[in-house]
Amino acid sequence: MNYFHFLLIAIFFILPVRGDSLSVYSPDNVVGVQFFLVEGVPYYSVQRFGRDVVQKSRLGFELQDIPDLKTGFTINDVTNTHHDVTWKQVWGEKKYIRNYYNELRIDLVERGELKREMTIVFRAYDDGIGFRYEIPEQPAIGEFNIMNELTEFALTGDHEAWWIGAYQWNRFEYLYENTPLSEVDTVHTHFTLRTENDLYLSFHEAAVVDYSTMALERTHDYTLQVNLFPWADGVKVRTAAPMVTPWRTIQMADDPGGLITSYLILNLNESNKIEDTTWIKPGKYVGIWWEMHIGKSTWEIGPNHGATTENAKRYIDFAAEHNFDHVLVEGWNKGWEGDWYADGVVFDFTTPYPDFDLAGVAQYALDNGVRIMGHHETSANILNYEEQMEDAFALYEELGVRAVKTGYVGHGTEIVWYDEDDNENHEWHHGQFMVEHHQRVVELAAKHRISLNVHEGVKDTGLRRTWPNLMTREVARGQEYNAWGGEGGNPPDHVVILPFTRNLSGPFDYTPGIVELHYDEYRPDNRINSTLAGELALYVIIHSPLQMAADLPENYEARPDVFQFIKDVPADWYDTKVLHASIGNYVTIIRKDHNSDDWYLGSITDENGRILEASLSFLDAGKEYVAEIYRDGKNADWINNPYDIVIEEKVVDSSMTMQLRLATSGGQAIRFRPL
Ligand code: NOJ
């Protein structure tokens, strides 16, 4: 198609053409994207209500050994389409999700001899944009290596930013920084910002398959550029035409709560590829876990070994009595001897320690209506894991295991493999090597009808829509830092930043529910840095379809009234709304149970106590509900009096407003059940 045809199409679709630019607007005309070529170089810009969000920003690639794909383009074809489809999640924070956008596809072709083709696709949503590159099959490109993706985001000012730095040894496990954009260097995504006009933005990516994940590098002033985690030899992506890149995404909202209820990332992923999903079940678990983290028992075999047959049966009895679905058993297999978190040691994924009767315990669990949650700690020794994982998943399937927690502890570049010339290569946890590894694991797990809970993995880019057995992951600083983290663990504001950063990308196995907030006998310098009510509220705030009750059974037995909330709260939701949101300060989320008419509310605050007004208009009108309230007591204070909790019931209806009084680093958790 020539330029004349392109113009005709533009007129046909009443496509606004400004000079040489092509535009697409979101269905309600909230967000607009302009694409344009300047002397053959592709650029785009983004507006919200006509005001610039991203100014003229470059697009394109630098390639290895062949000419770059960044200049000399003309427009070959343009297609503009409208989409409005509502789809159903297998599980999640909302059952039905509307995928409502306008798409602009621009087929570019090089003017020179090679005449290579590249398509850029923009999707404009009312809550943001996604765009990606597609390199179609063509004679002039076969296999090729990307050395640099040139995608830029030229922002409009020195926005306030929440971020963690990329390329650090401990991967994503850092506290968030809160600085002006001008103090940012290279950061992981989600990267969240507040503009001077109180617009909230979050940058991320969707559907990272067979590509590297990206960080964002501030190249100058307020301009960020995609920075792909490289392979050991410096190549960013090894690929071949036809190929598509991940979607580069910007979520936008007037209120930070709007970021939480934006489903743009999921919408940009492919639909579910698993036909029979009946075996993929959200649920709750307990496990032999916290006791190792606080130092009460050990992963490795010895006098204090945690994963003994006897101890596992104790947890199974507890899980059965209180209706939990899985019992996680860590430290069950050979390989934990020595410095397992530092050495990339060789684990054996099919041989239990002699004091752990794997088959017997798994059967005991099944006999009691519970299942073992398996555990594969790889210590980032991928070669060792890949050699065994087929057998390891087959074994778990045979034993009736339906969920496996995987782990990749190890320094950022500890992943080692040998190429054909026997060179030792050290890979990042977030590069294409690991993206490919994780894809192999999720597909293998699906074959064995097993769901995954991935720790120290690649960040979530919404692949759970395509592979719903990819249920949850860690990839952030979770509860374990309160067991042994330096400087006392996670400070109070950590959990009020997470919902607007890490949690935007998907479910987080934060492992809440510690009710014995001090463990002085084992770790006198650490504690849970909130009140008891605050800890309960995390079950509503932090979504995970596999949700842990992380404390020791004896601690729950000592507080049955508090434990009741943890037993009641679901792990699968029909709907989610945000009542209050202020990044790093407070957040209130309400969620409707997927399997009943109950609603749940969770509200938390940072180190400042506060009162928030919660309208109950989300409840069905004309219906009475019993509110089962777990709130900070009058004298609650996270440092001196964190256990002061009031548990009470009130009859409420949708016309009422409740005052949520949150103590310092406190919270409130409420179950609303129809009377
Ligand atoms: C780190 C994980 O986050 C934690 O949950 C696990 O217990 C240890 N690694 C051991 O695998």
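Q: How far from the ring centre of Y43 is K56, which lies over the ring face?
A: This is a predicted model: local features need pLDDT (the predictor's confidence in each residue, from 0 to 100) of at least 70, side-chain atom pairs count only at 80 or more, and totals for chains, interfaces and linings use all residues. Residues are numbered from 1 along each chain as its sequence is written, and side-chain values use heavy atoms, without hydrogens and water. K56 lies over the face of Y43 (NZ of Lys or CZ of Arg within 6 Å of the ring centre and within 35 degrees of the ring normal), at a distance from the centre of 4.5 Å.

Q: Which lysine lies over the face of Y364?
A: The distance from the ring centre of Y364 is 5.0 Å. The residue over that face is K313.

Q: What is the mean pLDDT of the chain?
A: Of the residues in this chain, 97% reach 70 or more. The chain mean is 95.

Q: What is the angle between the ring planes of Y385 and Y408?
A: The structure holds 35 aromatic pairs (Phe, Tyr or six-membered Trp ring centres within 6.5 Å; planes under 30 degrees apart stacked, over 60 edge-to-face, the rest tilted). Y385 and Y408 form an edge-to-face pair, 6.5 Å centre to centre. The planes are set at 75°.

Q: How many residues apart are Y385 and Y408?
A: Y385 sits in helix 8, residues 382-398 (helices are DSSP H or I runs of at least four residues, strands E runs of at least two, numbered from the N terminus). Y408 is in the loop between strand 26 (403-407) and strand 27 (415-418). Y385 is buried at 0% (buried is under 20% relative accessible area, exposed over 50%, partly exposed in between; 1.4 Å probe, protein chains only), and Y408 is buried at 1%. The pair links distant parts of the chain, with a separation in residues of 23.

Q: What is the relative accessible area of W573?
A: W573 and Y600 form an edge-to-face pair, 5.8 Å centre to centre with 70° between the planes. W573 is in strand 32 (573-582) and Y600 in strand 34 (599-605), 27 residues apart. Y600 is buried at 1%. W573 is buried too, at 2%.

Q: Which strands form the edges of the sheet with order 32-33-34-39-36-37?
A: This open sheet has six strands with antiparallel pairing (at least two DSSP bridges between two strands). Each edge strand pairs on one side only; they are strand 32 and strand 37.

Q: In strand 37, which residue is the bridge partner of E628?
A: Strand 36 (625-632) and strand 37 run antiparallel, joined by eight bridges. The strand 37 partner of E628 is E649.
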